[in-house]
Amino acid sequence: MASSYQYVPEPVLVKGNHSFGSITSMVADINLRPTPTAWYLAFGAALSLLLLLFSMIAYLIWEGTGVWGLNNPVGWGWAIINFVWWVGIGHAGTLISAILFLFRQDWRTAINRFAEAMTIFAVMCAGIFPAIHVGRIWVIYWVFPIPNQMYMWPNFNSPLLWDVFAVSTYFTVSLLFWFVGLVPDLATLRDRIKGRLGKKIYGFFALGWTGSTKNWVNYEKAYMILAGLSTPLVLSVHTIVSFDFAVSLIPGWHTTIFPPYFVAGAVFSGFAMVETLMIVARKIYKTKDIMTDDHLEKMNIIIMVTGSMVGFAYIMEFFMAWYSGVEYEKFIFLQRATGTYAWAYWTMMFCNVVSPQVYWSKKLRRNVGFTFFISIVVNIGMWFERFVITVTSLSQDFLPSSWDIYTPTWVDILTYVGTFGLFFTMFLLFLRFLPMIAIAEVKSVMPQAKLDYYDDKGVLIPEKVAKETEVLV
Amino acid sequence: MSTQVVASDNKLFGILAEFENPKKLALACQRVYQTGFQKFDSYTPFPVHGLEKYQGLPESKLGWIVIVHALMGFFGALTLIVFVSYIDYPLNISGKPFLNFPAFVPVIFELTILLSAFGAVFGMFFLNDLPRHNHPLFTSERFLKVTDDKFFLCIEAEDSLFDDAMIRSLYEELDATHVENVYED
């Protein structure tokens, strides 16, 4: 037996000997510098995709849901697939901002602002699909309990209604949480920007923040409470999304494993999306000292863990189908692996179960280019997971006479492509006008921010700082 | 230490001192608190953990605001759903009971969280007197650095122990890097 045990050393959170001032200028000056030409090019591309989304929605509303590839057994197609996919991506932001905060994972400070922004924009993209798929969008307000002359109330027994409450609560709470985190950093921009208009606008949203300790005490309390509220919230949202399927009687959907399996899948795809965006952004904006390779390694470990959980669930589903003894269940799972949509099933298996296993190797975990590649593979895999679940179960239901093959139309495809326009338009605006890293939070995890690192006269003790950095480097 | 005295007709808000690191600020806060000052506050670019103890600040009351909102969310949602599905228009859906409590859990839960989050965010703004865009400290040029890398302490003129000369010598003793008077705008 090993006689001595050492903790795995924590990597230093901020690299490159930064002071508080250099952190401020590294992050805040991104917003204050003149807009780079590349930004305009990217923004133009994103806007044209957004325009595509708007025209597809307009066409859909004008013509009706018949323009989608839905048919008689397959009443749910790309709309629900895209909805679940986008909501799932959003979950990583809340996981990073709330759950990692409760677990005192200080490394989250480098990526939480970024990931929360991703959450909000992903939920916006997701929210479009349930809204437009209803057919008569002009009466969408019927989903809310609004008194009306028809005495018509929403059905509180329906998982689809739960979903309305879950997703709108999730969006609102994520937005509030994000804004609370932004207030001190907006004050930083207010105090740094030279132009009068900019000062007014940032000043307006900074609410007159002074950084007073009396305020910080309430602020930190609010932050902790919000983290505590968001943690069960994020778990509930994907649980309720999975209820849309699991509460029905369709073979392949009607299982109790769905909530945990959906939540794991959501975190899995969300972390991959954070990596995709972060690897590009930290290169362009030169923030590698804060968003370090160690962060990527930690996220890769989370991807590996959640990927394995998802893989376990895929295999467990087969076991349960067999063990249930229900013919329809057994049949649908065999069809998934060997039937018409087997190609989608095996794409999913490869992308979600096999590909993250490469991260057992430390070398690959720390390889940035490879991480970028896998992060995209994972999101393709997660899209196919939702496709497999939705389409295979519906296209071959209980009655063979009603079976039909599902294929999307060009409207389905272009609407999905268009949501990337919405996502990237919002994301580029965020990168341009808001600090992409939580400046105040990053400062608070640096060694010189901690009172313990100073002696009784208020002089920094270099040995203490060195001791930390030495283990850490 | 640099000092700056600007004559002004406006009412004096307080005397502001700048410190170079959080620990010096904490030690200054401790001294000011122990001297018996009541109306003073420190200002930092980020939350300095433990500073509130040096300053003798009580625990935040925000939790009480949130629990009240949580209860409002819980009972409000319960009342809404029971009114809608049982009292106003009971509708038989697949023979399910009208008071189908397990099915009501998700919406009640979501609304409890939603109201609590409103309580946490707006309660925090309420306790902090935000939004307040016209703080007297914003008249100080040096104070722009409070959101960057400088640490400030301000003893307000309304304090009963307030004494210009005494505070200035106290600040000097505490190693402040800059001292100035701040006037109401």
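Q: Before we count anything, what makes a residue "buried", and how many of the eight residues of strand E2 (12–19) of chain B are buried?
A: A residue is called buried if 20 or more other C-beta atoms lie within 10 Å of its own. Keep in mind that we are looking at a predicted model. By that cut-off, E2(B) is mostly covered, and its buried residues number seven.

Q: Which strands of chain B pair with E2(B) in the antiparallel sense over six bridges?
A: Let's take the partners one by one. Strand E5 (residues 178–183) of chain B pairs with E2(B) in the antiparallel sense over six bridges, and Gly14(B) has Val182(B) as its bridge partner there. E2(B) also pairs over six bridges, again antiparallel, with E4(B), where Glu18(B) stands opposite Phe152(B). The strands asked for are E5(B) and E4(B).

Q: Which residue of E3(B) stands opposite Phe152(B) in E4(B)?
A: E3(B) and strand E4 (residues 151–156) of chain B pair in the antiparallel sense over four bridges. In E4(B), Phe152(B) stands opposite Tyr43(B).

Q: Are the two faces of E3(B) covered or open?
A: In a regular strand, side chains alternate between the two faces of the sheet. On one side of E3(B) sit Phe40(B) and Ser42(B), and on the other sit Asp41(B) and Tyr43(B). These four residues are all buried, so both faces of E3(B) are covered.

Q: What span should the 14 residues of H1(B) have at 1.5 Å a residue?
A: The expected span is 1.5 Å times one less than the number of residues. The end C-alpha atoms of H1(B) are 20 Å apart, which agrees with the expected span of 20 Å.

Q: What covers the buried residues of H1(B)?
A: The buried residues of H1(B) include Leu25(B), Ala28(B), Cys29(B) and Val32(B). Leu153(B) is in contact with Leu25(B), Ala28(B), Cys29(B) and Val32(B), among others. The cover of the buried residues of H1(B) includes E2, E3, H2 and E4 of chain B.

Q: Where does the largest nonpolar core lie with respect to domain 1 and domain 2 of chain B?
A: The largest nonpolar core has 176 residues, and those with the most contacts inside it are Val274(A), Ala120(B) and Leu153(B). Helix H3 (residues 78–102) of chain A gives the most to this core, with 16 residues. Domain 1 (9–57 + 133–183) and domain 2 (62–127) of chain B both give residues to this core, so its place is between them.

Q: How far apart are the C-alpha centres of those two domains of chain B?
A: The domain assignment of chain B gives domain 1 as 9–57 + 133–183 and domain 2 as 62–127. Their C-alpha centres lie apart by 44 Å.

Q: Which element gives the most residues to the side of chain B that touches chain A?
A: Here 60 residues of chain B are in contact with 54 residues of chain A. Elements giving two or more residues to this side of chain B include helix H1 (22–35), helix H3 (62–88) and helix H4 (101–127). With 15 residues, the one that gives the most is H4(B).

Q: Is Asp289(A) buried, exposed or partly exposed?
A: Asp289(A) lies in the loop between helix H8 (258–284) and helix H9 (293–324) of chain A. Its contacts include Val14(A), which is 275 residues away in sequence yet 5.8 Å away in space, C-alpha to C-alpha. Because Asp289(A) has 18 other C-beta atoms within 10 Å, Asp289(A) is partly exposed.

Note on methods:
Residues numbered from 1 in each chain as written. Chains lettered and ligands numbered in written order. Predicted model: local features only at pLDDT ≥ 70, side-chain atom pairs only at ≥ 80, totals over all residues. Buried ≥ 20, exposed ≤ 12 C-beta atoms within 10 Å, placed from the backbone. Contact = placed C-beta atoms within 7 Å. Domains from an automatic or database assignment. Core = buried A, V, L, I, M, F, W, Y, C linked by C-beta atoms within 7 Å. Pairing = 2+ DSSP bridges. Lists of a residue's contacts leave out its neighbours within four places in sequence.
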